[in-house]
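User: I would like to go through this model step by step, starting with its overall make-up and then turning to single elements.

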Amino acid sequence: MFIFALTHAYLIPLFPALAFLLIGPFTRNDKKLSATIAIFMMSLSFIFSVCVAIATQLYEITMNHPFVIQVIWAHVADLPLTMGVFVDPLTAMMLIVVTLVSLLVYIYSASYMADDPGMGRFFAFISLFSATMLGLVGAVSFLQLYVFWEGVGLCSYLLIGFYYEKVKAREAAKKAFITTRIGDFGMLVGIIILAVTFGTTDFLELRAIVPSYVMAAGTTMITVIGLLLFMGAIGKSGQFPLHVWLLDAMEGPTPTSALIHAATMVAAGVFLVARAYFIFSESQIAMDFITGIGTFTAIFAACIAVTQTKFKSVLAYSTISQLGFMMAAVGLGAFSASMFHLVTHAFFKAMLFLCAGAIMHALHEETNIFRMGGLYKKMPLTFVCMVVGVLAISGIPPFSGFFSKDEILAAAMHAGGPVYAILLAASFLTAFYMMRLLIIAFLGENHSKYEAHEVDAFMRWPMLLLAVLTLITGLAGYYGGFSLWVNDGTPVHMTLEPAVAAAGTAISLAGFISAYIVYGVAHISRKVALRRYGFLYSLVYHKFYIDELYDFFRRRFVYTLAYALNWVDIHIFGGIMNGLGAYALGTSALLAAPANGQVQRYLLFFYAGVAILLVVALYWTVRILSYAGGVPG
C-alpha cells in the first residue's frame, strides 16, 4: 500500500480536482451530493498522504535523497519543461497538513453552508483550491510550481468573491488577486532568469548546479534570483508591504478563511521559501532580507491586531504576524523550526477560524467582538477550543505553539542582534491581543441581541479534533524528531533551552495579565482607548494608513498616468490614425470620381495617358541623347 501510494502520489491532487470536475457541471445543484463527493475525494487524498509520509520513513527518503517521478512536458529551445511528483519529508509534511485541514474544513462546511444556495458551487471551488495547493506542494520544478501557484491565486479570487452580489466581496477578490500579482510578477522574472542562467528549472538539477555556480561566479546573480523569488512569497504569505489583501479576504465564507490562513494560500509562500532554500541559503543578503521582512511583519501585524474590533480581523493579523515568525526563522537558517511552526500554526489557526465561524453562525453573522460577551455560558465547547487555541498561539506549554515558537526564539537568540528582542515583543503582543479577544467575546456581560447556541456535530467534531491536534502536535513533533525529519542541513535545536523557554513563557503570561487588567478589570472600550491615546490608537487602528497610502498613490499617480496616456492615445495616436483615414477617404473619393462606368470616358483617359507617357518618353530621350553628344543629323 505504501509503495503504491508513493508511486501514485500524483493521485493526491487529482482526487479533489476530480471532485471539482464532477460538482461543477453535474451536481452543484444538489448540496448534499456535492458535499459528499468533496469529502470523499479529500478523504482519499488524506489516506494517500499518510501512506506517502510513512513511505518516506520506510524507504529512507530524505531532503537530500527525494523520490521523484517526472516526464518531459515540452521543450523550449534547449530548455526541458518537466512535470511530475517530487516527494521528500517537506512534501510529505505539507501533504498531510493540507489534506487533513482541508478534510476537516469540508466536514465543517457541510453544516456551515447548508442554508446557502451556492453550497454546491462552494464545494466545487474549495475542491479546486485544495487540488491546486496539493499540486504546488508536489511540484518537481519551478515551472510546475508556478502553474499551480497561479491556480491557487485564481481559486482565492473565486472564494473571496464567492458572494459576488456584494460589492465588498467583489472588490476584496480583485484586491487580493491584483496585490498578489505584484509579487507573482517578480517571481516569474526570477524563474525566467533562473532558466536562462542554469538551463533548467528542475529542483534536483538546480540543487546540484547552484553550489558549484556560486563557487565559480559568486553570489550576485543568486541574490537577484532569490530576491525576485521572494517577492512571490511576500505576496502569497501576506508579508509587508503586500499584506493588505489578507484582511479583505475575510469577505469570503469563514471556512474559506480557515483554509487560506491555515493550509493553502498563505502557506504557499512559506513553502516556496522552504523549497528554494538551497538558493536563498547561498546569499547572505537574501537571507538577511527575509529575516528583516519577517521580523518587521511579525511586530507590525501584532500591533495592528491589538486594536481590531472584528473577530476575524484579529485572527487575520495574527496570521500575518505568525507568518512573519516563520519567515524570520528561515532567514536565520532555522529551516526546521520554521516548518515546525507552519504545522502547529496550521492546526490551531484553522481551529480558531472555525470557532469564529461557529460564533458568527450562532449570532447571525455578527463580527464585532464588543457586541458579544458571555459566550462561555452559551457555547462552552467553542469556548474550550478557543482557550486551547489562545494558549497554543501564545506559546504556553505544553501546547503546540510553545515548542515551535521556542525553536524560533532560540534561533533568534543565537543569531544575535535585535531580532530576538523584536520577536519577544511580538510574542507579548500576541498573548495580549488573543487574551483581549477571549475576554471581550466570551467573558463579561452579553452585549448581543441574539441568543447564542452551541453548534451541531458536523461543526463540533472538526473543532474538537483540531483542538486535540493542537495539544499533541507540539509534543509529538518535539519528542518524535520532527527537526531531524524535515531539515535542510541547518542548525537543529534538539532540546529546549531553559532560558529561552522561560523568557517566552513569562512574556506571554505578562501579555495575558496585561490584557486582563486592561479589558477584564478596567474594561476599556474602543471609544475610551481613542479618547485616552488619541492619534496613536487611531494610527494603529487604521493599520498605519497603508491602505490609504496605496489609495492615494493609485489616485494621484496611477490614475493621473492613465488619464495622460488616454489623452495621448485619443489625441495623438488617434489623431494620426484619423488623419490617415481622412487622407485615404479623400484620395479614394478623388480617384473614384472618374470611375462612372462610361466606356468612352475610360477610353479617353486611356489614350490621354498613353499620349502623356509618349510625350514624357520622347522628352527624356532627347535629353539623354543631347547629354551623350548631340542629336544625330
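Analyst: Helices (H or I, at least four residues) and strands (E, at least two) are DSSP runs, numbered from the N terminus. This is a predicted model in which local features need pLDDT of at least 70, side-chain atom pairs count only at pLDDT 80 or more, and totals for chains, interfaces and linings use all residues. Residues are numbered from 1 along each chain as its sequence is written, and side-chain values use heavy atoms, with hydrogens and water left out.

User: How many helices and strands does the chain have?

Analyst: The C-alpha trace of the chain spans about 125 × 60 × 55 Å along its principal axes. Within the chain, the count is 26 helices and 2 strands.

User: Is helix α15 mostly covered or mostly uncovered?

Analyst: Helix α15 covers residues 311-331 and reaches 31 Å from its first C-alpha to its last, close to the 30 Å expected at 1.5 Å a residue (1.5 Å times one less than its number of residues). Buried means under 20% relative accessible area with a 1.4 Å probe, protein chains only, and buried residues make up 54% of the 633 residues in the chain. In α15, 21 of its 21 residues are buried, so by this definition the helix is mostly covered.

User: Which residue of β2 is the bridge partner of A74?

Analyst: Strands β1 (residues 67-76) and β2 (residues 79-87) run antiparallel and are joined by 9 bridges, where pairing requires that DSSP finds at least two bridges. The two strands form a hairpin with 2 residues between them, and A77 in the turn has a positive phi of about 60 degrees. Across this pairing, the β2 partner of A74 is L81.

How values were computed
Buried means under 20% relative accessible area, exposed over 50%, partly exposed in between (1.4 Å probe, protein chains only).
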